[in-house]
Amino acid sequence: MTQTVPTSPAPQGKRMLSEQVYAHLRGAIMRGDHPPGAALKPQDLAKEHGVSLAVVREALVRVVGEGLADRLPNRGFAVPAYSDRRWQEVAEARRTLEPVLLRLSVERGDVDWEARVRAAHHRLSRTPEYAPEEGEYYSEAWSEAHRLFHRALMEGCGNPVLLETFDRLWTASELARRWSTHRNPHRDGAEEHRRLEEAALARDADGAAEALVRHLTLTAEGLTPAD
């Protein structure tokens with residue numbers, strides 16, 4: 001008797017389509033094409049991309065897993081709202097962890113660490129914050145330069161476990177960071193970053209930690225609903 005071999009529930013073609021839809025959807029949310037609280041309707045997305053509902057749902061599940069969308073009981077999917085409690089919880093976690101890492105970096109960082117911090121700040125200060133073709137939020141190039149600067153500040157701690165936690169919190173806060181910047185266009189982020197670099201390289205642990213807490217607090221406050 002011939003045994004039938006079951007076919008794979010996720011063939012290569014479907015995975016490729018799902019990856020394409022996921023990348024497009026993630027980019028659209030990051031650019032602000034889908035504003036806070038907007039519904040993400042699988043039927044509309046399937047029609048837009050010319051793919052099946054199964055492919056779209058697989059992509060949506062990945063976006064939900066990154067915290068860029070919510071799965072709502074009996075209501076499908078949606079982009080999180082400004083007022084979602086998670087953003088303040090992530091901000092609290094960052095304000096708890098990152099000043100500790102920065103203090104350790106100031107204490108432990110060597111000359112190579114100083115050079116990386118200075119180079120990362122130079123790159124950040126020379127990277128245009130916005131690119132018209134990328135929508136209303138800051139550009140991907142600036143986003144990466146921003147991440148590398150903050151990562152460089154922390155790397156002097158020399159603790160990979162703590163740095164992995166930093167990386168996870170950074171990813172979890174990326175959408176909130178973009179929203180906060182967009183809602184507060186007059187905030188002088190360049191000056192905040194300059195103060196961070198100066199305090200860290202001056203080996204002023206207290207001043208660097210204070211500047212960082214202020215920096216993170218302003219981002220969180222940018223998502224607080226106006227009275």
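Leaving aside neighbours within four places in sequence, H193 is in contact with H121, L124, W142, H146, F149, H150 and H215. The model in which these contacts are found is a predicted one. H193 itself belongs to helix α9. Its relative accessibility is 4%, so H193 counts as buried, the cut-off being under 20%. With the side chain of H215, the side chain of H193 makes a polar contact at 3.4 Å. R118 can be placed relative to H193 as well: the two are 75 residues apart in sequence, and their C-alpha atoms are 11 Å apart in space.

Two of the contacts of H193, H121 and L124, lead to helix α5, where the buried residues are W113, V117, A120, H121 and L124. These residues cover an arc of only 100° around the axis, which puts them on the same side of α5. Their cover includes helices α4 (85-108), α6 (140-155) and α9 (189-201). On the other side of α5, the residues V111, D112 and R126 are exposed.

The length of α5 can be checked against its residue count. The helix runs over residues 111-126, and at 1.5 Å a residue its 16 residues should span 22 Å; the end C-alpha atoms are 23 Å apart, which agrees. The N-terminal end of α5 is capped by D110, which has a side-chain oxygen 3.2 Å from the backbone nitrogen of D112.

Helix α2 (residues 42-49) can be read in a similar way. Here P42, L45 and A46 are buried. Viewed down the axis of α2, the buried residues fall within an arc of 100°, so they line one face of the helix. K47 and E48, on the other side of α2, are exposed. Just after this helix comes G50, with a positive phi of about 65°.

The strands come next. An open sheet is formed by 3 strands in the order β1-β3-β2, with antiparallel pairing. β1 (39-40) and β2 (70-72) stand at the edges and have a single partner strand each, so one side of each is left without a neighbour in the sheet. Strand β3 (residues 76-78) runs antiparallel to β1 and is joined to β1 by 2 bridges. Within this pairing, A39 stands opposite A78 in β3.

What remains is the aromatic side chains. Across the whole structure, a search finds 4 aromatic pairs. One of them is formed by W87 and W179, edge-to-face, with 5.6 Å from centre to centre and 85° between the planes. W87 lies in helix α4 and W179 in helix α8 (residues 174-183), so the pair ties together parts that are 92 residues apart in sequence. Both of these tryptophans are buried. Together with Y82, W87 and W179 form one aromatic cluster.

F166 and W170 make a tilted pair, because their ring centres are 5.8 Å apart and their planes are at 35°. Both residues lie in helix α7 (residues 160-172), where they are 4 residues apart, about one turn of the helix. F166 has 0% relative accessibility and therefore counts as buried. W170, at 4% relative accessibility, also counts as buried.

Definitions and conventions: Residues numbered from 1 in each chain as written. Predicted model: local features only at pLDDT ≥ 70, side-chain atom pairs only at ≥ 80, totals over all residues. Heavy atoms only, no water. Buried < 20%, exposed > 50% of the residue type's maximum accessible area, 1.4 Å probe, protein only. Arc of directions from axis to C-beta. Expected span 1.5 Å × (residues − 1). Contact = heavy atoms within 4.5 Å. Polar contact = N/O pair within 3.5 Å; in protein donor to acceptor, adjacent residues only side chain to side chain. Pairing = 2+ DSSP bridges. Phe/Tyr/Trp six-rings, centres within 6.5 Å; stacked < 30°, edge-to-face > 60°.
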